[in-house]
Amino acid sequence: PLAPESIDIPGVRRAHVIELRFCAMSQVYQVLWTVSAKTLKSSAREVVSPAFDLSFSRRVPFKMFIRPSCGHEQRGGGFKQAKGKGTVEVRCLPSVSASEKPVVTFRIAVGSSGDDPARGPIHHDFSQRLICDLPGEWDFAQHVDPADNTFVVCLEILSDAAAAATAAPSA
């Protein structure tokens, strides 16, 4: 028998799940992370996505992190104190060498309705720094879907062709 978490109901997103998509036309690989909106009313100082792999000369695991904008250094701070606002970072889990060419051009968007454009692109070499934070603050609370009480963080990895079509500052 199937476990309850393995049943997929069309049109219903589950919280804390990673979905991977590739668009052949745009040459963009998307990592969609669905996050429970309950997080935004909590004292959590960070929320971590499930791991996902990117391929360089080998498959390398990554995670996304969201952190509250204010109060996360203070005792008792968190998303509730930050009023649902925060930052997004992408983290390479193991160390990678420059010979593996772990250079990624990416954008980040929050929300599933496309009402807020993706930020970036950012060009980052994970052999120089394992963490890349995208500058700026996100209002996660404004992107909550009331139908399922979740919001989506979308990491768009651009192919070389897609990255060449846009100017990408280095992070």
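These are my notebook entries from a look through a predicted model of one protein chain.

**Entry 1: the overall layout**

I began by listing the elements. The protein chain has eleven strands and one helix. Reading from the N terminus, I went through the β elements and ended on the α element. I also looked up burial for the chain: 38% of its 171 residues count as buried.

**Entry 2: the five-stranded sheet**

Next I wanted the strand order. I found an open sheet of five strands, ordered β1-β2-β11-β7-β8, and the pairing is antiparallel. Which strands sit at the edges? They are β1 (17–23) and β8, each of which pairs on one side only. I looked up the twist too: neighbouring strands in this sheet are turned by 25° against each other on average, ignoring direction. A reminder to myself: strands of a sheet pair through backbone hydrogen bonds, and the pairing can be parallel or antiparallel.

I then picked one pair from the sheet, β7 and β11. They run antiparallel and are joined by five bridges. R107 has E156 in β11 as its bridge partner.

**Entry 3: edge strand β8**

I stayed with β8, which covers residues 119–125 and contains H124. Is H124 buried or exposed? H124 is buried, because its relative accessibility is 2% and the cut-off for buried is under 20%. I checked what its side chain reaches, and found the backbone oxygen of R129 at 2.8 Å.

P121 is in β8 as well. I looked at the bond leading into it: the peptide bond from G120 to P121 is cis, and omega is near 5°. That caught my eye, since most peptide bonds are trans.

**Entry 4: the β4–β5 hairpin**

I moved on to β4 and its partner β5 (residues 59–68). The two run antiparallel, with four bridges joining them. They form a hairpin, and three residues lie between the strands.

Which way do the side chains of β4 point? They alternate. F52 and L54 point to one face and are buried, while D53 and S55 point to the other face and are not buried.

I took a second look at L54, which is in β4. L54 counts as buried because its relative accessibility is 7%, below the 20% cut-off. Across the hairpin, L54 stands opposite V60 in β5. I also checked L54 against C92: the two are 38 residues apart in sequence, and their C-alpha atoms are 9.3 Å apart in space.

**Entry 5: S49, just ahead of β4**

I went back a few steps to the loop between β3 (47–48) and β4, where S49 has its place. Why does S49 count as buried? Its relative accessible area is 2%, and anything under 20% counts as buried. I looked up its distance to F62 too: 13 residues separate S49 and F62 along the chain, and their C-alpha atoms are separated by 9.0 Å.

**Entry 6: two loop residues with positive phi**

I then turned to backbone angles, keeping in mind that most residues other than glycine have a negative phi.

Q27 is not a glycine, yet its phi is positive, about 60°. I found Q27 in the loop between β1 and β2. Q27 counts as partly exposed because its relative accessibility is 32%, which falls between the 20% and 50% cut-offs.

K83 also caught my attention: it has a positive phi of about 60° and is not a glycine. K83 lies in the loop between β5 and β6 (85–92). K83 is exposed because its relative accessible area is 65%, and over 50% counts as exposed.

**Entry 7: the second largest pocket**

My last stop was the second largest pocket, which holds about 340 Å³ of space. How many residues line it? There are 18 of them, and S55, V103, I157, L158 and S159 lie nearest the centre. I sorted the lining by class and got ten nonpolar, five polar and three charged residues.

Which elements supply at least two residues each to the lining of this pocket? They are β2 (28–36), β4 (52–55), β7 (103–110), β11 (150–158) and α1 (160–164). That brought me back to strands from earlier entries: β2, β7 and β11 belong to the five-stranded sheet, and β4 is part of the hairpin with β5. S55, among the residues nearest the pocket centre, is on the face of β4 that it shares with D53.

Terms used. Residues numbered from 1 in each chain as written. Predicted model: local features only at pLDDT ≥ 70, side-chain atom pairs only at ≥ 80, totals over all residues. Heavy atoms only, no water. 1 Å grid on protein atoms, 1.4 Å probe; cavity = no way out; pocket = protein on both sides within 12 Å on 5 of 7 lines; lining within 4 Å. Points joined across faces, edges and corners; volume = space filled by probe spheres on them. Nonpolar A, V, L, I, M, F, W, Y, C, P; charged D, E, K, R; others polar. Buried < 20%, exposed > 50% of the residue type's maximum accessible area, 1.4 Å probe, protein only. Pairing = 2+ DSSP bridges. Polar contact = N/O pair within 3.5 Å; in protein donor to acceptor, adjacent residues only side chain to side chain. Axes fitted to C-alpha atoms, helices over the stretch in contact; angles between N-to-C directions.
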